[in-house]
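Trainee: Could you take one part of this model and look at it closely, following the path from there into the rest of the chain?

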Amino acid sequence: MTVRVERTFEFPVTPERVWAFIADPELRARPISVVDRFELRNEDGTEATWHVELPIPLIRRTVAIRTRDVDRREPEFVRFEGRSKVMRVTGEHEIRETEEGCTLTNRFIVDGKLPGVERFFERNLDGELDNLEAALREYLELPA
């Protein structure tokens, strides 16, 4: 089973301001509740390892997910892929300018390799996107 989720947020700011958040791997990782820590693997921030704690019975320690940006077009689009022993994740962040500011469309696909991984993300991915939106609004100094 594959879990897919897409959500779009609207912001009354320029695309460049949203890009500054989305392009920063630390700012993207920090709001995700299951991320224990992360490490950059290169200086430009396009490769990182996310260490996640999944509350799944078969997983008793953090899981290292090696991520890399596979398509990056500043300030409008980034697509990344992450791989680990328990899952594969693909994410996209697309920023489009509007008359009032911009929109940020987030798309995620999670393919689990162990029982329970997809079920966890099916139940929790929407909430994690709420966390991402709240962190971005805080970063942009906008009301929640």
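Mentor: Glu141 counts as exposed, at 72% relative accessibility (buried means under 20% relative accessible area, exposed over 50%, and partly exposed in between, with a 1.4 Å probe and protein chains only). This is a predicted model with residues numbered from 1 along each chain as its sequence is written, in which local features need pLDDT of at least 70 and side-chain atom pairs count only at pLDDT 80 or more, while totals for chains, interfaces and linings use all residues. Side-chain values use heavy atoms, with hydrogens and water left out.

Glu141 is found in the segment after helix 3 (helices are DSSP runs of H or I with at least four residues, strands are runs of E with at least two, and both are numbered from the N terminus). Although Glu141 is not a glycine, its phi is positive, at about 60°. Most residues other than glycine have a negative phi, and most peptide bonds are trans. Just before this residue comes the part I would examine most carefully, since helix 3 is the element that Glu141 follows.

Helix 3 covers residues 117–139 and bends by about 50° at Asn124 (the bend at a residue being the angle between axes fitted to the seven residues ending there and the seven starting there). The buried residues of helix 3 include Val117, Phe120 and Phe121, and after the position of the bend they include Leu125, Leu129, Leu132 and Leu136. Charged side chains also belong to this buried set, among them Glu118, Glu128, Glu133 and Arg137. The buried residues of helix 3 pack against two helices, helix 1 (15–22) and helix 2 (25–29), and against three strands, namely strand 1 (2–11), strand 6 (87–97) and strand 7 (102–112); contact here means heavy atoms within 4.5 Å.

Helix 3 also leads to an enclosed space. The structure holds one cavity of 30 Å³ or more, and the largest cavity has a volume of about 310 Å³ (on a 1 Å grid over the protein atoms alone, a cavity is a set of points where a 1.4 Å probe fits but cannot get out, and lining residues have an atom within 4 Å of a point; points are joined across faces, edges and corners, and the volume is the space filled by probe spheres set on them). Of the 18 residues that line this largest cavity, the closest to its centre are Ile32, Trp50, Phe80, Val89 and Phe108. Helix 3 gives the largest share of the lining, five residues, and the other elements that give two or more are strand 3 (47–52), strand 4 (63–73), strand 6 and strand 7.

From the cavity, the path can be followed to Thr67, which lies in strand 4. Thr67 counts as buried because its relative accessible area is 8%. When residues up to four places away in sequence are not counted, Thr67 touches Trp50 and Phe80, two of the residues closest to the centre of the largest cavity. The contacts of Thr67 also include Arg41, Thr46, Glu47, Ala48 and Gly82, as well as Glu81.

Glu81 then opens the way to the charged side chains. Glu81 is buried, with a relative accessible area of 13%, and forms a salt bridge with Arg79, the closest N and O atoms being 3.2 Å apart (a salt bridge is a side-chain nitrogen of Lys or Arg within 4 Å of a carboxyl oxygen of Asp or Glu). A salt bridge also links Glu81 to Arg88, with 3.6 Å between the closest N and O atoms. Both arginines are partly exposed, with relative accessible areas of 26% for Arg79 and 25% for Arg88. Salt bridges that share partners join these three residues with Glu6, Glu92, Glu94, Arg96 and Arg107 into one network, and the structure holds 18 salt bridges.

Strand 4 leads to one last feature. In the loop between strand 4 and strand 5 (77–83) sits Pro75, and the peptide bond that joins Glu74 to Pro75 is cis, with omega of about -5°. The side chains of Arg73 and Glu76 meet in a salt bridge of 3.7 Å, N to O. Arg73 counts as partly exposed, at 37% relative accessibility, and so does Glu76, at 39%.

Methods:
On a 1 Å grid over the protein atoms alone, a cavity is a set of points where a 1.4 Å probe fits but cannot get out, and a pocket is an open set with protein on both sides within 12 Å along at least five of seven lines; lining residues have an atom within 4 Å of a point.
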